[in-house]
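This note sets out a few points for a colleague who is meeting the structure for the first time. Please read it alongside the display below.

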Amino acid sequence: MSIPSGQRNLNITVTNAAITNASAQCLAASTTRFGLIFHNPNAAGNISIVPTSFGAAVSAGGGTLTLIPGASIQIDGLRTLDAFNAIASVAGPIPLTIWEF
């Protein structure tokens with residue numbers, strides 16, 4: 001039986017990364033990724049993320065996506081194959097939840 005167009009089974013991987021105020025890779029590159037959800041579950045402290053092809057993450061810097069406490073962002077509809085860097089606005093470490101599908 002074939003899967004109808006527009007439907008597919010997704011393998012979801014959840015990563016809990018420990019983010020500090022030094023830019024570091026939070027997610028490895030993947031050739032099988034279709035989308036991502038980044039969530040900042042912290043009560044205090046922003047987290048900025050950026051694809052590694054853009055360079056190091058800079059807190060609230062140009063080219064970064066900054067998540068305020070409690071915020072999430074979903075990236076899908078395009079192949080997000082790149083690795084990602086992240087940096088926190090506080091010393092940390094603070095958690096960053098990443099859903100990869």
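Which residue in β8 is the bridge partner of I19? The partner is I94.

1. Basis. The model is predicted, with local features requiring pLDDT of at least 70 and side-chain atom pairs counted only at pLDDT 80 or more, whereas totals for chains, interfaces and linings use all residues. Residues are numbered from 1 along each chain as its sequence is written, and side-chain values use heavy atoms, with hydrogens and water left out.

2. Sheet. Four strands (DSSP E runs of at least two residues, numbered from the N terminus) form an open antiparallel sheet in the order β1-β8-β3-β6. Each edge position, held by β1 (13–19) and β6 (72–76), has a single partner strand, so one side of each lacks a neighbour in the sheet. From one strand to the next, the twist averages 20°. The antiparallel pairing (at least two DSSP bridges) of β1 with β8 (residues 94–100) runs over seven bridges.

3. Core. The largest nonpolar core (buried Ala, Val, Leu, Ile, Met, Phe, Trp, Tyr and Cys residues joined through side-chain atoms within 4.5 Å) has 17 residues; I19, C26, F38, I47, A86, L96 and I98 touch the most other members. Two or more residues each come from β1, β2, β3, β4 (47–51), β7 (84–88) and β8.

4. Loop. R33 lies between β2 (24–27) and β3 (35–39). R33 is buried (under 20% relative accessible area, 1.4 Å probe, protein chains only), at 1%. A polar atom of the R33 side chain lies 2.7 Å from the backbone oxygen of D82.

Conventions:
Axes fitted to C-alpha atoms, helices over the stretch in contact; angles between N-to-C directions. Buried < 20%, exposed > 50% of the residue type's maximum accessible area, 1.4 Å probe, protein only. Polar contact = N/O pair within 3.5 Å; in protein donor to acceptor, adjacent residues only side chain to side chain.
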